[in-house]
Amino acid sequence: MSTGELLNIDPQELQFPFELKKQISCSLQLSNKTDDYVAFKVKTTNPKKYCVRPNTGVVLPRSTCDVIVTMQAQKEKPTDMQCKDKFLLQSVVASPGATTKDITPEMFNKESGHNVEECKLKVNYVDPPRPPSPVREGSEEGSSPRASVDNGNFNDSEFKAAPRAFGERHEPQDNSEAKTLIAKLTDERNSAIQQNNRLQQELDLLRREANTSRGGIAFIYVVIVGLIGIILGYILKKT
């Protein structure tokens, strides 16, 4: 647990059970150990890759707040499972009764004379949990990884505000593939509709021709019957 003057942060290192093509989340718990309202803001060196909810907020006096960090699904496994991404959590005393709506970027500007507490957290990839084995293996309790926190001097410019959701940043990496698939399906649907319309038109034309053909045969039949009647009448008159 990282202990500052305003907040306790647990854990000190963001650990993601890495799996390809799967979004992975981990949580941070912020504990306000003062009698003041404390505003916080989360930044990261790679905002395209992560979303944080909430990325800003207020922790009430002597209370806690959970922050969920979600990593976008990755297409490739990193070399040696190493990650250079970092997070920066800034905290500052807010006015009594402050809410998230009252938070402004100016509050975290150290150049304006605000006393901003900062904590830098590293990101670590770990293997996903294995399914339970029927044979109990040796216990690995007590072998937790070493915490990685740096509260010393560092370059704040490398961090950018972490988005609340992936929709707030640039489009995901596979969005172009989705657009291509949608366009292809749309073209196929339009082609099917056009083909259906042509078949309907041809069917209507065949029906009209059939009706015309039946009408012509009936007319000829009437004419023939009339001629036969006239001829028979003429013959009967002469006889």
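In which helix is V223 found? V223 is found in helix 1, which covers residues 175-238. The close-ups below come from a predicted model.

**View 1. V223 and the nonpolar patch.** V223 helps to make a nonpolar surface patch of about 1,100 Å². The other contributors are F219, I220, L227 and I228, along with I224, I230, I231, L232, Y234 and I235. V223 has a relative accessibility of 36%. That value falls between the 20% and 50% limits, so V223 counts as partly exposed.

**View 2. A salt bridge between two loops, D85 to K49.** The side chains of D85 and K49 form a salt bridge, with N and O 3.0 Å apart. D85 sits in the loop between strand 8 (64-71) and strand 9 (86-94), and K49 in the loop between strand 5 (37-44) and strand 6 (50-53), so the pair ties together parts that are 36 residues apart in sequence. Both partners are buried. The whole structure holds 4 salt bridges, and two further ones follow in Views 3 and 4.

**View 3. The K22 to E19 salt bridge.** Here the N to O distance is 3.4 Å. K22 is partly exposed, at 41% relative accessible area. E19 is partly exposed too, at 31%.

**View 4. The K110 to E118 salt bridge.** The side chains of K110 and E118 meet with N and O 3.1 Å apart. K110 is partly exposed, at 43% relative accessibility. E118 has a value of 15%. Buried means under 20%, so E118 counts as buried.

**View 5. The cis peptide bond at D10 and P11.** D10 and P11 are joined by a cis peptide bond, with omega about 0°. P11 lies in the loop between strand 2 (7-10) and strand 3 (13-17).

**View 6. The cis peptide bond at R53 and P54.** A cis bond also links R53 to P54. Its omega is about -10°. P54 is in the loop between strand 6 and strand 7 (56-59).

**View 7. R62, a non-glycine residue with positive phi.** The phi angle of R62 is near 55°. R62 belongs to the loop between strand 7 and strand 8. Its relative accessible area is 55%. Exposed means over 50%, so R62 is exposed.

**View 8. M81, with positive phi in a loop.** M81 has a phi near 55°, and M81 is a residue other than glycine. Its place is the loop between strand 8 and strand 9. M81 counts as buried, at 15% relative accessibility.

How values were computed:
Residues numbered from 1 in each chain as written. Predicted model: local features only at pLDDT ≥ 70, side-chain atom pairs only at ≥ 80, totals over all residues. Heavy atoms only, no water. Buried < 20%, exposed > 50% of the residue type's maximum accessible area, 1.4 Å probe, protein only. Helix = DSSP H or I, 4+ residues; strand = E, 2+ residues; numbered from the N terminus. Patch = residues over 30% accessible without salt bridge, like charges linked within 9 Å, V, L, I, M, F, W, Y side chains within 5 Å. Areas by Shrake-Rupley, 256 points an atom, 1.4 Å probe, with all protein chains shown as cover.
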